Amino acid sequence: MFDFNLFDIKLETSLLGRNFIYLVEIASTNTFILDKKNKIIKDGSLVLAEKQTKGKGRRNRVWYSEKGLNLNFSILITDKKLLSKNLNILNLGVSLVIANSIENLYSVQTNVKWPNDVLINNKKVAGILLETNSQGNSIEKLIIGIGVNVNQTSFMGEFNLEPTSIKLITKNNIEREKLLAEILNNLEYIFQKIRSNPNSVLTDWVNKCNSIGKRIDVNQDGKVLTGVFEGLEENGFLLLKVKDKLNKIYFGDINVE
Ligand code: BTN
């Protein structure tokens, strides 16, 4: 069970997670917020589910997570000022916050992987799925879906990147409440930074990425490009040097060779 008192004691946000919807089982927390009939409208609302039956991953993949062991949650953002900012940078910023939150609380070295995975020992500990709902040209709402492998210790199935969990690394049972509060506290802070100085988030992300300067494969729906990961350009896209040419990569899965 999720201990709300423990969560509340650690939560220091003014907005994020203050409207908290706890669900035992749902198809997907992202889909739940997107569905108008659930009437989730307050900026910063958070929906957490102990089990998702149709958890969604990036690029139409499935996100599997055992019941009650991990953190699977989505946050609704409606703040126009934040939504008018570059959502790629926001995406990178969210992965950076999760990496830093895990590192601060459990003293384990984490890294980020483009575009938005969080790694420990080059295995995936968390993933993020952003979804938007647009009205005409402007984005009405953004849903930030976050899945963190916390206390799960075995993972079945085929994975594009080998999974791990915080418990597998630290050998300790982890208090999900404390971790969730830490993530939300740090997210609120980075959202402020994105509003005022988004470039600094790019710099921090680059410093937390351990594949820059390395040869990588970029898989774009089966088409593979190989080159050196040179860094990020100003909008958060990946710069790949192939022979002498610098290519801007907008999407894809990367693998270090
Ligand atoms: C990925 O790495 O492919 C992204 C995984 C995102 C999973 C989270 S769990 C909570 C939220 N609800 C979903 O259906 N997906 C996201």
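Two residues are taken to be in contact if their C-beta atoms, placed from the backbone, lie within 7 Å. On that footing, residues 24 or more positions apart account for 63% of the contacts in the chain with a separation of 6 or more. The model is a predicted one, in which local features need pLDDT of at least 70 and side-chain atom pairs count only at pLDDT 80 or more, while totals for chains, interfaces and linings use all residues. Residues are numbered from 1 along each chain as its sequence is written.

The chain has seven helices and 12 strands, these being DSSP runs numbered from the N terminus, with helices (H or I) of at least four residues and strands (E) of at least two. Its radius of gyration, taken over C-alpha atoms, is 18 Å, close to the 18 Å that the globule rule (2.2 Å times the number of residues to the power 0.38) gives for 257 residues, so the chain is as compact as a globular protein of that length. Along the principal axes, the C-alpha atoms fill a box of roughly 55 × 45 × 30 Å.

The domain assignment, whose bounds come from an automatic or database source, gives domain 1 (4-207) and domain 2 (215-256), and the C-alpha centres of these two domains lie 25 Å apart. Nine residues of domain 1 are in contact with eight residues of domain 2. On the side of domain 1 that touches domain 2, helix H4 (87-106) and helix H7 (198-207) are the elements that give two or more residues, and H4 supplies the largest share, three residues.

Of the 257 residues, 38% count as buried, meaning that 20 or more other C-beta atoms, placed from the backbone, lie within 10 Å of the residue's own. The largest nonpolar core, a set of buried Ala, Val, Leu, Ile, Met, Phe, Trp, Tyr and Cys residues joined through C-beta atoms within 7 Å, holds 62 residues, of which Ile98, Val125, Ile144, Ile146, Leu187 and Val201 touch the most other members. Because domain 1 and domain 2 both give residues to this core, it lies between them. Leaving aside neighbours within four places in sequence, Val125 is in contact with residues including Ile102, Val118, Val148 and Ile166.

Turning to the ligand, 20 residues, each with its C-beta atom, placed from the backbone, within 6 Å, surround the molecule, and Ser28, Gly57, Gly127, Gly145 and Gly147 come nearest. The elements that give two or more residues to this shell are helix H2 (29-34), strand S3 (71-77), strand S6 (123-135) and strand S7 (138-148).

Methods:
A residue is buried if 20 or more other C-beta atoms lie within 10 Å of its own, exposed if 12 or fewer, and partly exposed in between; C-beta atoms are placed from the backbone.
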